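Please look through the model below with its sheets, its nonpolar cores and its cysteines in mind. The paragraphs after it take these topics in turn.

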Amino acid sequence: MEIWIMASLLLSDNNIDPSEQIQSNRKIEVLFWHLLNGIISLMEGESSWEPHPISHFGSEVAELEPVSGSNNGGEAFVVCLDSILPDDILERILSFLPIASIIRAASVCKRWYDIIHSRRFLWANKLPQKPWYYMFTYSEAPAGYAYDPILRKWYSFNLPCIEKSNWFISSSCGLVCSMDNDSRSRIFVCNPITTDWKMLLEPPGVKFPDYSTLAISVDRKSHDYTIVVAKSKQVPGDFLQWEFSIHIYESGNRSWVTSITEVFTGWRGGDESVICNGVLYCMIHSTAVLGTAERRHGLIMYDLSARSSHTSLMRTLIPVPCSLTCGRMMNLKERLVMVGGIAKYDRPDIIRGIGIWELYKEGWREVTRMPHRFFQGFGEFDDVFASSGTEDLIYIQSYGATALLVFDMSQKQWKWSVRCPVTKRFPLQLFTGFCFEPRLEVAC
């Protein structure tokens, strides 16, 4: 409370000598950072996550009580929150908080609540948050925990719309898109933080495709979003022929269009895709005998802004950087990054390490390889694994354990997350997950 009183005195002293102004400003800056740290400390004891709708607090939130004290002259004074900081300074302070602290700060008083929920321009100009990682802890239900890399905490977290952990999931700029794994026709978009959600129209194309993939891209300024579903189905009676189609949904038009349909020979679609800089990248898989290990996987590109182009998708094929057991693609600041399981030379179905590559023009540039000590830390690492990322963080998780490894692209640093508060109930229990950027202002 002394911080509030000192800040009030410094802000209200109009008779300060000009030569002392710079020093006073520095004191105010230090006090503000103390206030930030104090708010974060108050939130650190929380282990559960309860996202509230905007109307949750309403008029029940009371103002802070006035504070009594004395100055150097011994005269008593009373300071209340409204007289301490102007709105613009308080907004600036709150904007530096992690998203979990921002949400809970809304319950401090009505004024803070109004600033956090009404000043949408503040969050629109706020820098992107570090992505959270949601870990599914049960296969038949979407129950799980969300990891906050800033506070290094796990929260018990309920996801809207997603009914099972094996659903197709893609995220971008605060929104999460999900598609059921059965009919592959039920598609939802939600904001996990605000729990806002909507169900989309059923996409066109073949019913019950053999393989599908889902990708979403959100415009950070307009918050309009594009969703792409790519479907792959075997041509009846021909093992080598696969029909591949791309279907696009625009939030502004609220409708689906089928952009392209093509028949692949010797290749089929998969379940990995991502949108970077308006270009859709899809992982495809060879249907030939495993004698050509280097050609087991590849990428095809489709420019979403030039849908009238009749260029064959196979002409855009980009080989993967090496023989892979699996590949996970992600958009990191509009750069296409792949995390892949590196296959053994003589056994292409056995993993011997994990690498990270960035697509540069039409070739791959290796970023790093997972150090052996981290690779061993997963225990019995499977040939395939869960991995997703955004901004500068990449998360890698074994399907057989709750261990979560984080790689920071900007610092080139590997780090284990805090241990997830879940233990395996039976030996073959599987885990998976995905990451998303926590944001308040993005709506469906």
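**Sheets, cores and cysteines**

An open sheet is formed by 4 strands in the order β14-β15-β16-β17, with antiparallel pairing; strands here are DSSP runs of E with at least two residues, helices are runs of H or I with at least four residues, and both are numbered from the N terminus, while two strands count as paired if DSSP finds at least two bridges between them. Because β14 (267-276) and β17 (318-319) each have a single partner strand, they stand at the edges, and one side of each is left without a neighbour in the sheet. Within this sheet, the antiparallel strands β15 (residues 279-286) and β16 (residues 297-303) are joined by 7 bridges, and Met283 has Leu299 in β16 as its bridge partner.

The model is a predicted one, in which local features need pLDDT of at least 70 and side-chain atom pairs count only at pLDDT 80 or more, whereas totals for chains, interfaces and linings use all residues. Residues are numbered from 1 along each chain as its sequence is written, and side-chain values use heavy atoms, with hydrogens and water left out.

Another open sheet of 4 strands runs in the order β22-β23-β24-β25, again with antiparallel pairing. Its edges are β22 (385-390) and β25 (413-416), each of which has a single partner strand, so one side of each lacks a neighbour in the sheet. From one strand to the next the twist averages 20 degrees, where axes are lines fitted to C-alpha atoms and angles run from 0 to 180 degrees between N-to-C directions. Strand β22 pairs with β23 (residues 393-398) in the antiparallel sense over 6 bridges, and Gly389 finds its bridge partner in Ile394 of β23.

The largest nonpolar core (a set of buried Ala, Val, Leu, Ile, Met, Phe, Trp, Tyr and Cys residues joined through side-chain atoms within 4.5 Å) has 34 residues, and those with the most contacts inside it are Leu94, Trp132, Tyr134, Phe157 and Phe436. Among the elements that each supply at least two residues of this core are α4 (87-95), α6 (110-118), β3 (132-136) and β26 (432-436), and the largest share, 5 residues, comes from α5. A second, separate core of 18 residues includes Met330, Leu332, Ile354 and Trp414.

How many disulfides are there? The count comes to 0 disulfides under the rule that a disulfide is a pair of cysteine sulfur atoms within 2.5 Å. Cys282 counts as buried because its relative accessibility is 2%, and Cys326 is likewise buried at 5%, where buried means under 20% relative accessible area, exposed over 50%, and partly exposed in between (1.4 Å probe, protein chains only).
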